[in-house]
Amino acid sequence: MDSKIADLRRNYTKGGLQEEQLPENPIPFFKQWFDEALKSEVMEPNAMSLATVTSDGRPNSRMVLLKGIEETSIEFYTNYSSDKGHELEETPFVAVTFWWPELERQVRIWGTAEKLSEKESETYFQSRPRESQLGAWASDQSSEIDSRESLKKQFEKVQEKFEGKEISKPKHWGGYEIEIDKIEFWQGRPGRYHDRIFYTKKSGSWNRKRLQP
Ligand SMILES: Cc1cc2nc3c(=O)[nH]c(=O)nc-3n(C[C@H](O)[C@H](O)[C@H](O)COP(=O)(O)O)c2cc1C
């Protein structure tokens, strides 16, 4: 064992969670925590780990950016033909994790992903910087490419194609909304007595319990 790594640990002291102070609906509370992460200048508060399930039943996770919090769902955008796109086509269940170290907080979300409408995706696509729009056309996300030079060529080709023109959204690119059915708020506490408040949704209403750390 690498003792330098094994000795890395922090004592968490910044806050606490009392179930009596938590609302019945966890989504506004998630919004509140997200706003607090923004105010605390967490480097990329909307960066979240997104886990999907592969065709052979294995988990697969990567970071994506949260792009919206709705009444019952959260949203992100990607390439529908990427590995995650194919995985979601087959199994729509996902697990999402946020870690906001400045606040000593973790949020875990479980749910079912569904594509946003073409209109919603197009509206968001048009709000993106031109460079990101070109990227959506130029990169066949998750496919192999023989060299960085080839990737550069692909980008230049797309740049030329759209020179002086408006860029429309490619069909293979768009958003997903994750309909939330479970969410857990974790607040680090001293001495490893962390707070974990876990919500599950059944028949439209939320049930709340405390879990051992
Ligand atoms: C902080 C961060 C944010 C990212 N945000 C996105 C995103 O919003 N959408 C996306 O498709 N990929 C995003 N990526 C890249 C993904 O992590 C991943 O490399 C890519 O989507 C391909 O994943 P896949 O092959 O599993 O489909 C992000 C990476 C990082 C490190």
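The residues that form the shell around the ligand in this predicted model divide evenly by character, with four nonpolar, four polar and four charged. The residues that surround the ligand are E44, R62, M63, V64, L65, Y77, T78, S82, D83, K84, Q141 and S142. Three elements, namely β2 (59-65), β4 (73-79) and α3 (83-90), each supply at least two residues of this shell, and among the contributors β2 gives the most, with four residues.

Polar contacts with oxygen atoms of the ligand are made by side chains as well as by the backbone. In the side chain of R62, an N or O atom is 2.8 Å from an oxygen atom of the ligand, whereas for M63 the atom concerned is a backbone N or O atom, which lies 2.7 Å from an oxygen atom of the ligand. For T78, a polar side-chain atom lies 2.6 Å from an oxygen atom of the ligand. On its own the ligand has 620 Å² of accessible area, and the protein covers 65% of it.

Turning from the ligand to the strands, β5 (residues 93-100) has side chains that alternate along its length, such that V94, V96, F98 and W100 point to one face and are buried, while F93, A95, T97 and W99 point to the other face and are not buried. Strand β5 is joined to two other strands. With strand β1 (residues 47-53) it runs antiparallel, and three bridges join the two; here T97, one of the residues of β5 that are not buried, is the bridge partner of S49. With strand β6 (residues 105-115) β5 also runs antiparallel, and in this case eight bridges join the pair; V96, which belongs to the buried face of β5, has I109 in β6 as its bridge partner. Strands β5 and β6 form a hairpin with four residues between the strands, in which E104 takes a positive phi near 55 degrees.

A further hairpin is formed by β8 and β9, with two residues between them, and S203 in its turn has a positive phi of about 45 degrees. Strand β8 (residues 195-202) and strand β9 (residues 205-210) run antiparallel and are joined by six bridges, and within this pair the bridge partner of I197 is R210 in β9. A positive phi is thus found both at E104, in the hairpin of β5 and β6, and at S203, in the turn of the hairpin of β8 and β9.

Key:
Residues numbered from 1 in each chain as written. Predicted model: local features only at pLDDT ≥ 70, side-chain atom pairs only at ≥ 80, totals over all residues. Heavy atoms only, no water. Pairing = 2+ DSSP bridges. Buried < 20%, exposed > 50% of the residue type's maximum accessible area, 1.4 Å probe, protein only. Near = heavy atom within 4 Å. Polar contact = N/O pair within 3.5 Å; in protein donor to acceptor, adjacent residues only side chain to side chain. Areas by Shrake-Rupley, 256 points an atom, 1.4 Å probe, with all protein chains shown as cover. Nonpolar A, V, L, I, M, F, W, Y, C, P; charged D, E, K, R; others polar.
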